[in-house]
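Subject: Structure handover and what I found in it

Dear colleague,

Here is the structure I promised to pass on to you, with my notes set out underneath. Please read them with the model open beside you.

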Amino acid sequence: MANWVSKVGFRYLKSRKKTGFVSVIAGFSFLGIMLGVATLIIVMSVMNGFRAELMERILGFNGHLSVQSTWGPVLNEDENLIKKLENTYGIVSVASLLEGQVMVSTNMHSQGALIRGLKPADFKKRPLLFDNFLGSWDEFENEQGIILGARLASKMGVRIGDKITLISPNGNSTAFGTMPRTKAYRIAGTFDSGMYEYDSNMVFMPLSMAQKFLMQEGKISQIDLFVSNMDDLAFIMQDVMDVLPLNVSVVDWRKSNAAFFNAVEVERNVMFLILTLIIIVAAFNIISGLIMLVKDKTKDIAILRTMGASRKGIMTVFLIDGCFVGFVGSFLGLILGLSISLNIEKIRQWLGSLAGRDLFSAEIYFLSQLPSKTYASDVFLVIGLALGLSFLATLYPSWKASKTDPVEALRYE
């Protein structure tokens, strides 16, 4: 039985003059499933990559946990507290830092920036910063210079070795009011993290220099804590809270960036639902194409039934037709989707060169490159969805074909 069923099923897939329109519908169904699967894989890979890149860069600048003052913008630099935190289970690194808003100025340009005071040893422990550092490390380590984001240096028109003026609103009080504090610093180097928001607005300075410039000697804004295992973050956070004094609190990085990552997750889910409609439309095309094929092949079905073909055999013939379209469309969509996902940045650059413009502006999307990260679970979900919808689409037309009465069908022929 299996031999004639498969032969008849694949024969019905071939285009005939009489059934040409049915074949066209099957072709559109095939293209719809292929494009739907490919598009879903591409979009989900890009969204996964976007989320992973943002997480990597945010954690490259900030700790998994942040200890901050509950009663004010700064807290005292307490060595005993830092030692307690270093000895807490799960903590692998502790870094004190001081932040402040400043104005960065040159002869030609000026703009606001965020200054971050950090010990050179702690800067070195952050691969995202140190691995992308360019310049004289000795100058920064010996407190003879500062580090600018690469995009900030470009906007200000300065290079490594030049001097730049920092203006802080925390100045000295005089009879005429508070005078802003101004000082020129040598640029020891630049960093390029690949995240526009940081590269265009951040200035790093040795912690002791920052404390003097911001007039916050002996003060810090927060203590960043890095943990060994992200899965144990909740337990480690509880242990950290046990050693903190009353005027200090601890903040989870996920809570600090919750709105941002929730927006990314919502967008990913919405895009998945919207693009799934492409596969659903293709599945409806399979239904309509098979129904028309069943009506066109009514006489053939009747002859097969009179020759001894079972209802199950007739149903299997049309199941083969519908599932073949879904399977091949899903397989080719998988190949197309993976090919584009794995080379999305090269394709972006090529399209950008053709269009003569930047198709992924860092000012809008935060990142300087288009990321992509494909998970096997997402691929299986998309393929399973496409195959499942294709199979369900074939059930009714196949069942309808199996119910054909050969006597009635041949009577009116």
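The notes below go through the strands, the salt bridges, one histidine and a surface patch.

Please keep in mind throughout that this is a predicted model.

I begin with strand β11, which covers residues 222-227 and in which 6 of 6 residues are buried. In a regular strand, side chains alternate between the two faces of the sheet. In β11 both faces are covered, with Q222, D224 and F226 buried on one side and I223, L225 and V227 buried on the other.

Strand β11 has pairing partners that you can follow in the model. With β1 it pairs in the antiparallel sense over 4 bridges, and S66 has D224 as its bridge partner there. With strand β3, residues 91-105, the pairing is again described as antiparallel, and it runs over 6 bridges. Along that pairing, A95 stands opposite D224, while S93 stands opposite F226.

Strand β3 is itself worth following further, because 11 of its 15 residues are buried and the strand is thus largely enclosed by the rest of the structure. It is joined by 9 bridges to strand β4, residues 110-118, and the two run antiparallel. Together β3 and β4 form a hairpin, with 4 residues between them, and within this pairing the bridge partner of M103 is G112 in β4.

How many salt bridges does the model hold? The count comes to 3, and I take them one by one. As general background, side chains of opposite charge can pair when their charged atoms come close.

One of them lies across the two strands just described: E99 forms a salt bridge with R116, and their closest N and O atoms are 2.3 Å apart. This pair links distant parts of the chain, since E99 belongs to strand β3 and R116 to strand β4, 17 residues apart. E99 counts as partly exposed, because its relative accessibility is 26%, whereas R116 is buried, because its relative accessible area is 4%.

Another brings us back to strand β11, where D224 forms a salt bridge with R126, the closest N and O atoms being 3.4 Å apart. The two residues are 98 residues apart in the chain, with R126 in the loop between α4 (120-124) and α5 (127-130) and D224 in β11, and the pair therefore links distant parts of the chain. R126 counts as buried because its relative accessibility is 3%, and D224 counts as buried because its relative accessibility is 0%.

The remaining one is formed by the side chains of R186 and E139, which meet at 3.0 Å, N to O. Here too the pair links distant parts of the chain, with R186 in strand β8 (residues 177-191) and E139 in helix α6 (residues 137-141), 47 residues apart. R186 counts as partly exposed because its relative accessibility is 35%, while E139, because its relative accessibility is 17%, counts as buried.

Next I turn to H64, which is found in the loop between α2 (20-61) and β1 (65-69). Is H64 buried or exposed? H64 is buried, because its relative accessible area is 11%, and buried here means under 20%. Its side chain reaches the backbone nitrogen of V227 at 2.9 Å, and V227 is one of the buried residues of β11 noted above. Leaving aside neighbours within four places in sequence, the residues in contact with H64 include L225, F226 and V227, as well as M230, L233 and W253.

Finally, the surface. A nonpolar patch is formed there by F327, F331, L332, I335 and L387, which together have about 440 Å² of accessible area. Helix α14, residues 311-342, supplies the largest share of this patch, with 4 residues. L332 has its place in that helix, and L332 is partly exposed, because its relative accessible area is 34%.

With best regards

Technical notes:
Residues numbered from 1 in each chain as written. Predicted model: local features only at pLDDT ≥ 70, side-chain atom pairs only at ≥ 80, totals over all residues. Heavy atoms only, no water. Buried < 20%, exposed > 50% of the residue type's maximum accessible area, 1.4 Å probe, protein only. Polar contact = N/O pair within 3.5 Å; in protein donor to acceptor, adjacent residues only side chain to side chain. Contact = heavy atoms within 4.5 Å. Patch = residues over 30% accessible without salt bridge, like charges linked within 9 Å, V, L, I, M, F, W, Y side chains within 5 Å. Areas by Shrake-Rupley, 256 points an atom, 1.4 Å probe, with all protein chains shown as cover. Salt bridge = Lys/Arg side-chain N within 4 Å of Asp/Glu carboxyl O. Pairing = 2+ DSSP bridges.
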